[in-house]
Amino acid sequence: MAFRFNFAIEENESTEPGGHGEADSQLDPPKHEQSADGAAACSPRLGTAKHAGKGLSENKLCFPGAREHHVPEDVSKVLEKKVLETVSDLRYVNVSVVEMMCRDGTHGEDIVSKSVSAHSDLIPGVYEGGLKIWECTFDLLEYLAEADLQLANKAVLDLGCGAGLLGIAALRGKAGKVHFQDYNSTVIDEITLPNVVANCVNDGNGTGGGDSRKIDKPPSKRPRKAECSPDALSKCRFFSGEWSEVSRLLLSSNPPCSKYDVILTSETIYNPDYYGALHDTLSQLLDKNGRVYLASKAHYFGVGGGTYLFEKFVEERKVFRISTVKELDKGLKRFIMEMAFKDSS
């Protein structure tokens with residue numbers, strides 16, 4: 001695979017409020033690429049008593065319905081008022097700028113002001129952390145490069161996509177189609193879609209031109225009118241909503257959406273209450289000979305999920321076989337896992 005990712009993960013212990021009392025992991029891009037506000041995120045998805053204390057069992061949550069988000073004809077509008085940063089050769093919008101613009105409460109779900117009010121990056125049933133780029137995403141990006149996973153002409157789903165970097169990597173790997181899903185529509189509109197467009201800009205450095213050269217400096221703070229490759233963007237579709245609802249939308253379309261050869265997902269098993277919906281979604285959307293690649297921490301303090309608990313859950317269901325393909329011991333232990341149907345080839 002032509003793309004390569006160079007990231008450094010730096011461990012930083014925090015006992016301050018908001019530091020969750022555990023070791024928070026700081027993303028440390030090359031110095032000339034580091035954003036001043038740490039937009040490429042930083043703390044692991046850890047639960048706190050503020051949002052995890054009562055648990056989902058005590059409060060019935062109203063999940064958002066699924067919807068598809070369409071790419072506008074003039075893709076330059078997607079990048080309006082966006083500040084772009086780079087990490088290695090991937091472009092992403094500066095999240096702090098987006099948060100500032102969305103803090104006035106006029107942006108649909110109003111997840112930014114709710115997150116600020118709750119002092120939390122996770123509000124079950126309201127906001128599931130998609131504005132941040134969590135460290136296991138970079139673990140999985142590195143694994144895709146190291147393993148030279150063949151994605152050419154494959155149907156790929158970036159599940160719980162957030163910034164969409166895994167799906168963008170699949171585009172660079174010449175995937176036949178790439179679909180992006182996140183719980184929150186604001187994340188798709190303000191983060192995922194702009195990131196995909198920014199990486200498809202046909203300026204010799206994006207996916208559109210097929211050139212995967214490293215970008216040595218950030219793009220312009222005020223991006224010019226985007227000339228996006230129709231070929232790259234035509235491979236993409238974007239969906240928001242809870243997993244079960246998105247699965248239902250895809251399978252009930254006419255004709256039904258074809259199943260995925262590869263599903264990429266990172267930091268989506270932090271809450272055991274979501275395991276059933278995640279497992280069912282994977283079993284419904286994965287092709288019979290497909291593969292799931294899942295990146296996760298060993299344990300998510302305060303919420304209770306993690307790799308060991310999810311692996312046990314999967315094994316008890318007896319639908320998938322699951323194995324660890326990479327283990328990272330630095331700081332809080334992290335894993336890359338591969339899943340496939342038990343009867344697959």
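Reader: I'm new here. In what order do the strands of the open sheet run?

Author: Keep in mind that this is a predicted model. In it, 8 strands form an open sheet with mixed pairing. Reading across, the order is β3-β8-β7-β6-β9-β10-β12-β11.

Reader: Which are the edge strands?

Author: Look for strands that pair on one side only. That description fits β3 and β11 (320–328).

Reader: How much is the twist from one strand to the next?

Author: The sheet's strands are turned relative to one another. On average, going from one strand to the next, the twist is 20 degrees.

Reader: Does β8 pair with β3 and with β7 in the parallel or the antiparallel sense?

Author: Strands of a sheet pair through backbone hydrogen bonds, and either sense is possible. β8 pairs with β7 (residues 177–182) over 5 bridges, and there the sense is parallel. With β3 (residues 67–69) there are 3 bridges, and the sense is antiparallel.

Reader: Which residue in β8 is the bridge partner of R67?

Author: Two pairs help you find your way along β8. F180 stands opposite F238. For R67, the bridge partner is S240.

Reader: How many residues of β8 are buried?

Author: β8 spans residues 236–240, so to speak a short stretch of 5 residues, and it is mostly covered. Buried here means under 20% relative accessible area. The count for β8 is 4 of 5.

Reader: Which strands does α6 touch?

Author: α6 packs on the sheet, and its direction makes about 160 degrees with that of β8. The strands it touches are β3, β7 and β8.

Reader: Are α5 and α6 roughly parallel or roughly antiparallel?

Author: Helix α5 (residues 165–172) packs against helix α6 (residues 185–200) with axes 10 Å apart and an angle of about 30 degrees. Angles under 35 degrees count as roughly parallel, so α5 and α6 are roughly parallel.

Reader: Which residues of α6 meet α5?

Author: The crossing of these two helices, α5 and α6, is right-handed. From α5 come I168, L171 and R172. On the α6 side, they meet N195, V196, N199 and C200.

Reader: How are α9 and α10 set relative to each other?

Author: Helix α9 (residues 275–285) and helix α10 (residues 307–317) have axes 11 Å apart, at an angle of about 55 degrees. Their crossing is right-handed. The angle makes α9 and α10 oblique.

Reader: Where does α10 lie on the sheet?

Author: α10 runs at about 10 degrees to β12 (334–341). It lies across β10 (286–297), β11 and β12.

Definitions and conventions
Residues numbered from 1 in each chain as written. Predicted model: local features only at pLDDT ≥ 70, side-chain atom pairs only at ≥ 80, totals over all residues. Heavy atoms only, no water. Buried < 20%, exposed > 50% of the residue type's maximum accessible area, 1.4 Å probe, protein only. Pairing = 2+ DSSP bridges. Axes fitted to C-alpha atoms, helices over the stretch in contact; angles between N-to-C directions. Parallel < 35°, antiparallel > 145°, perpendicular 65-115°, else oblique. Left-handed = near helix turned anticlockwise from the far one by under 90°. Contact = heavy atoms within 4.5 Å.
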